[in-house]
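Trainee: Got a minute to go through this one with me?
Mentor: Sure, put it up.

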Amino acid sequence: MTPAIVSTVPGLNAPQPTPLSETKTLTMGKAINEGLRQAMLDDPKVVLLGEDIGALGGVFRVTSDLLAQFGARRVIDTPLAESAIIGTAVGLAYRGYRPVCEIQFDGFIFPGFDQIVSQVAKFHYRTQGAVRMPITIRVPFGGGIGAAEHHSESPEAYFTHTSGLRVIAVSNAQDAYSLIRQAIASDDPVLYFEPKRRYHVKGEVVPELGLPMERAVIVRPGTDVTLLTYGALVATARDAALAAADEGVSIEVIDLRSLSPVDYAVVEASVRKTGRLVVTHEAARSGGLGGEIIATITERCFSYLESAPVRVTGFDVPYPPAKLESHHLPDLDRILDGVDRVMGRR
């Protein structure tokens, strides 16, 4: 194993944390931190870039202590310029590095959008495989924290529409640890979405990487309805399934994990069993990922469907002020209403 690199930045040297070697209970934010640390220990070509990720440890403190351990040449505080962050990562990847970019908040990603869709996504194809872009772009996304404008967006559909990008969304501490390591090790560019309202939720984390990041996971088996979601809403979906069980409805909850590519094999098998599909996400309904998934499942499983699939989503409006976000985000009642609709109860 590559030894830890001690920082030469004055005042930042500290006792060096050891990598995760046994099962621990961690918050999701800390699990990402441990995954980043292990990836940097495994490969000296892994470098981090982002606004305030060094001494501050990031707005959400996800990169805390990494500057002290690896130094300012590998944990790089950047100017407030997302286009420059992504553009620099493209150059680093071209030279054989594995850059990990932090976008401070979801709504800040758009200044770097051109670099992502025009350069990061296309470089490998444009060079006929000669150049790879092993870039991981971390994006805290979604609402639920009472933030200001531009701080609670769900921009994932823009990137799932772009060929050449992998897009994943984590929902728990274990996946946060495992999938950040897989994303960094991948030779493909990865958009790694982190639900910010789940950063402080704890869970058990083991050092193993588990299932490949492109695999969906059934987090609660059921027989009557398939409920598909990702990110922060996985916990809400599980609560909805528990509530529905009290009324005799068995809901199978699937955590999609990979938004591009979608693991349609798991989704199809579930829908062929249940005959009913509800998809829920925080992003707006129009042009959202839910519509694409429903279209594909309808094409592939039409004869198995007992009723039309249902979407439970955010509304087609700019993200509302903090005091109104609880009305905008899908909650347990709205999800159960969607279940009632596919069950023919209303």
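Mentor: Let's talk through the domains, one salt bridge and a serine.

Mentor: Ground rules: this is a predicted model, where local features need pLDDT of at least 70, side-chain atom pairs count only at pLDDT 80 or more, and totals for chains, interfaces and linings use all residues. Residues are numbered from 1 along each chain as its sequence is written, and side-chain values use heavy atoms, with hydrogens and water left out.

Trainee: OK, which domains does the assignment give the protein chain?
Mentor: Domain 1 (24-205) and domain 2 (217-343); such bounds come from an automatic or database assignment. Their centres, taken over C-alpha atoms, are 26 Å apart.

Trainee: How much area do domain 1 and domain 2 bury between them?
Mentor: About 1800 Å², with 52% of it on carbon and sulfur atoms. Buried area here is the accessible area (1.4 Å probe) that two parts lose on being put together, summed over both.

Trainee: And how many salt bridges between domain 1 and domain 2?
Mentor: Two, a salt bridge being a side-chain nitrogen of Lys or Arg within 4 Å of a carboxyl oxygen of Asp or Glu.

Trainee: New topic: why does serine 152 count as buried?
Mentor: Because its relative accessibility is 2%, and buried means under 20% relative accessible area (1.4 Å probe, protein chains only).

Trainee: What does serine 152 touch?
Mentor: Leaving out residues up to four places away in sequence, its contacts (heavy atoms within 4.5 Å) include Asp106, Lys196, Tyr319 and Glu325.

Notes: Buried means under 20% relative accessible area, exposed over 50%, partly exposed in between (1.4 Å probe, protein chains only).
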